[in-house]
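Open the model in your viewer and keep the selection panel handy. We will go from one selection to the next, and at each stop I will tell you what is there.

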Amino acid sequence: MTDIQARPNRLPWPPIIYLVAIAISIALGLLYPLPWISAPLSDILFAAGWLLVAAMVALDFSAMRTMARAKTTIRPDKASEHLVTTGAFSFTRNPIYLGNTLLMIGVGLITGIAWFLPLAIIAAFATQKLAIEREERHLEARFGKRYRDYAKRVRRWI
């Protein structure tokens with residue numbers, strides 16, 4: 001078994017990346033606050049932020065429940081036992097990472113800390129480079145044509 005078949009990564013990059021991005025957003029918001037949009041548009045953005053947080057909860061719950069039912073790991077540093085293609089995975093190959101990104105954007109809109117918005121994009125890009133691309137190679141090595149067919153049908157993000 002090759003290293004990429006055994007596990008996608010040695011470290012669980014995505015939670016580390018998003019936690020660091022959140023910490024940096026908060027620190028920059030305190031040290032170098034950016035201007036924010038005033039009412040009434042800020043009220044609409046506040047409500048939109050809560051909708052994004054609700055979408056994140058729904059995505060994460062669906063993805064975790066689907067993975068548990070399939071008896072495969074949720075950990076990004078462990079080997080996948082089964083290819084999961086149902087639930088949230090039927091419309092995005094990375095529902096938990098998408099949910100993490102939506103959470104950061106939602107919190108930025110709720111709190112008015114503009115730093116969350118660009119750092120959410122940076123975190124998503126870093127997650128793609130450090131985790132997703134390697135996870136995709138892992139899934140292809142383990143599941144072959146089944147994974148390639150799934151990847152053709154379902155987009156990486158949305």
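Start by selecting helix H2 (13-31), H3, H4, helix H5 (116-143) and helix H6 (145-153): each of them supplies at least two residues to the lining of the largest pocket. Helices here are DSSP runs of H or I with at least four residues, strands are E runs of at least two, and both are numbered from the N terminus. Colour H5 separately, since it gives the most to this lining, with 5 residues.

A word on what you are viewing: this is a predicted model, in which local features need pLDDT of at least 70 and side-chain atom pairs count only at pLDDT 80 or more, while totals for chains, interfaces and linings use all residues. Residues are numbered from 1 along each chain as its sequence is written, and side-chain values use heavy atoms, with hydrogens and water left out.

Next, show Met 67, Ile 74, Phe 89, Tyr 97 and Glu 135 as sticks; of the 29 lining residues, these lie nearest the centre of the largest pocket. A pocket is an open set of points on a 1 Å grid over the protein atoms alone, where a 1.4 Å probe fits, with protein on both sides within 12 Å along at least five of seven lines; lining residues have an atom within 4 Å of a point. The volume of the largest pocket is about 520 Å³, taken as the space filled by probe spheres set on the points, which are joined across faces, edges and corners.

What is the lining made of? It divides into 17 nonpolar, 7 polar and 5 charged residues. Ala, Val, Leu, Ile, Met, Phe, Trp, Tyr, Cys and Pro count as nonpolar, Asp, Glu, Lys and Arg as charged, and the others, Gly among them, as polar.

Now select H3 (residues 41-69) and H4 (residues 95-111), whose axes come within 8 Å and cross at roughly 160°. That makes H3 roughly antiparallel to H4, the term for angles over 145 degrees. Their contact involves 21 nonpolar, 4 polar and 1 charged residues.

Move on to Ile 16, in helix H2. Ile 16 is partly exposed, with a relative accessible area of 36%; buried means under 20%, exposed over 50%, and partly exposed in between, with a 1.4 Å probe and protein chains only. Add Ala 123 and draw a C-alpha to C-alpha distance: the two are 107 residues apart in sequence and 9.7 Å apart in space.

Finally, zoom out to the whole protein chain, with its 6 helices and 0 strands. Buried residues make up 42% of its 158 residues, and its C-alpha trace spans about 55 × 25 × 25 Å along the principal axes.

Conventions. Axes fitted to C-alpha atoms, helices over the stretch in contact; angles between N-to-C directions. Parallel < 35°, antiparallel > 145°, perpendicular 65-115°, else oblique.
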